[in-house]
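Visitor: I have a structure open and would like to go through it with you. Can we start with one residue and work outwards?
Guide: Fine, show it here.

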Amino acid sequence: MTKYSPGPSATAAVTALTLALTLTACSQEPPADDSPGSPTGTTLSHIHGLGARGDTLYVATHDGIHTPDAAGRPTLVGDRRDDFMGFTVTANGTFLASGHPAPGSGGPADLGLVESTDSGRTWRERSLGGEVDFHSLDTASDATVYGYDSADARLRVSPDGVTWEERATLRALDIAVSPAAKDTVLATTETGVARSADGGRTFAPGKGEVLSYVSWGAPDALFGVDPSGVLFRGTDTGTASGVRWARVSTVPGGAPQALTVVDARRVLVATQDGVYESRDGGRTFERRVAVASGKEGH
């Protein structure tokens, strides 16, 4: 088990995460191709989220949702090039996202919560349009939606994606909800991973490994990645002591931009030079699609 103790490496990690926490949006860049369903160039950049339906990989970027074709080239899904900051795929296959509309598309600056029931080909507003920009989204086992509102540094929770309750305020980069205990929520902070046992109403102070992203794909599949790309596997103690983290490997490609865990064996990580997939619990990785070095993730 890797134990946390303050030192130069921890200081560097905190600095990297602090810089990431100051970012509230990505700058927009011109799209490479305006044709839906066609390859959009050799690389993507500015990855904000990852998801999977079966063997199909989906990559949420500041220029729409993409999926790699048979040759590993990113292909735009649908015709929306919105800046999808928060993104998750629910247990029933629904895509949930948030962020900002593409330049020139009209509408409010913040998407609120939008959803797609056809794997990203079309989208509709679910709630909070013009009000909220969620930078991280996750769902509990009972379909409760958790969203981290970056503008207010507040966790918001909804039983149906329509009505929302404001809960704790904290400076975080990413959140993850336990698949087994709907009120257990983790948040990555500058001092470590903060844990809530009451649905995000309160959080214990962040401690332990300083991670950028966390993802809880199954009860036995909790992973986190630190600012340098080191992947950890976590065990939730179910107590105030929080999560015990054990180092697994280092993901290729440098600093991470996103992390999604599908199950105990399948782990997806976007770094500075690619979106990588592991089928052995994070011990080894294969690059699925190339990425041009992005300035940040969320």
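Visitor: Which backbone atom lies 2.9 Å from a polar atom of the side chain of serine 98?
Guide: The backbone nitrogen of phenylalanine 134. Keep in mind that this is a predicted model.

Visitor: Where is serine 98 found?
Guide: Serine 98 sits in strand β6, which covers residues 95–100.

Visitor: Is serine 98 buried or exposed?
Guide: Buried: its relative accessible area is 0%. The cut-off for buried is under 20%, so serine 98 qualifies.

Visitor: What does serine 98 touch, leaving out residues up to four places away in sequence?
Guide: Its contacts include Asp83, Phe84, Met85 and Gly86. Leu111, Gly112 and Val114 are also among them, as are Val132, Asp133, Phe134 and Leu137.

Visitor: Phe134 again. Which strand starts at 134?
Guide: That is β9, residues 134–139.

Visitor: How many residues of β9 are buried?
Guide: Six of the six, so β9 is largely enclosed by the rest of the structure.

Visitor: How many bridges join β9 to β10?
Guide: Five, and the two strands run antiparallel. As one example, serine 136 has tyrosine 148 in β10 as its bridge partner.

Visitor: What about the hairpin of β9 and β10, how many residues are between the strands?
Guide: Five. Within that hairpin, alanine 143 takes a positive phi near 75°. Aspartate 142 lies in the loop between β9 and β10 too.

Visitor: What does the side chain of aspartate 142 make a polar contact with?
Guide: The side chain of threonine 144, at 2.8 Å. Aspartate 142 counts as partly exposed, because its relative accessibility is 38%. Its C-alpha atom is 9.6 Å from that of alanine 181, which is 39 residues away along the chain.

Visitor: Any other positive phi values in residues other than glycine? Which loop is alanine 153 in, for instance?
Guide: Alanine 153 is in the loop between β10 and β11, the latter being residues 154–158. Its phi is near 50°, a positive value. Alanine 153 counts as buried, at 16% relative accessibility. Histidine 46 is another residue that is not a glycine, with a positive phi of about 55°.

Visitor: And where is histidine 46 found?
Guide: In the loop between α1 (8–21) and β1. Histidine 46 counts as buried, with a relative accessibility of 2%.

Visitor: Change of topic: sheets. Which strands make up the open sheet of four?
Guide: The order is β1-β2-β3-β4, with antiparallel pairing. β1 (47–53) and β4 (74–76) are the edge strands, each pairing on one side only. On average, neighbouring strands there are turned by 30° against each other, direction ignored.

Visitor: What holds strands of a sheet together in general?
Guide: They pair through backbone hydrogen bonds, in parallel or antiparallel fashion.

Visitor: How many bridges join β1 to β2?
Guide: Six, with β2 being residues 56–61. In one of these pairs, glycine 49 is matched with alanine 60 in β2.

Visitor: And the open sheet of three strands, what is its order?
Guide: β13-β14-β15, with antiparallel pairing. β13 and β15 (192–196) are at the edges and have a single partner strand each, so one side of each is left without a neighbour in the sheet. The average turn between neighbouring strands of this sheet is 20°, direction ignored.

Visitor: What is the bridge partner of isoleucine 175 in β14?
Guide: Alanine 187. Three bridges join β13 to β14, residues 185–189.

Visitor: Now pockets. What volume does the largest pocket have?
Guide: About 930 Å³. The lining has 50 residues, and those nearest the centre are Thr88, Val89, Thr90, Asp138 and Thr139.

Visitor: Which elements give two or more residues to the lining of the largest pocket?
Guide: Among them are β1, β5 (83–89), β7 (113–116) and β9. β13 (175–177), β16 (213–218) and β20 (258–261) belong on that list as well. The largest share, six residues, comes from β1.

Visitor: Last one, the whole chain. How many helices and strands?
Guide: One helix and 23 strands. Of the 298 residues, 57% are buried. Taking contacts between residues at least 6 apart in sequence, 43% join residues at least 24 apart.

Definitions and conventions
Residues are numbered from 1 along each chain as its sequence is written. This is a predicted model: local features need pLDDT of at least 70, side-chain atom pairs count only at pLDDT 80 or more; totals for chains, interfaces and linings use all residues. Side-chain values use heavy atoms; hydrogens and water are left out. Buried means under 20% relative accessible area, exposed over 50%, partly exposed in between (1.4 Å probe, protein chains only). A polar contact is a pair of N or O atoms within 3.5 Å; within protein, one must be able to donate a hydrogen and the other to accept it, and residues adjacent in sequence count only if both atoms are side-chain atoms. Contact means heavy atoms within 4.5 Å. Two strands pair if DSSP finds at least two bridges between them. Axes are lines fitted to C-alpha atoms, for helices over the stretch in contact, and angles run from 0 to 180 degrees between N-to-C directions. On a 1 Å grid over the protein atoms alone, a cavity is a set of points where a 1.4 Å probe fits but cannot get out, and a pocket is an open set with protein on both sides within 12 Å along at least five of seven lines; lining residues have an atom within 4 Å of a point. Grid points are joined across faces, edges and corners, and a volume is the space filled by probe spheres set on the points.
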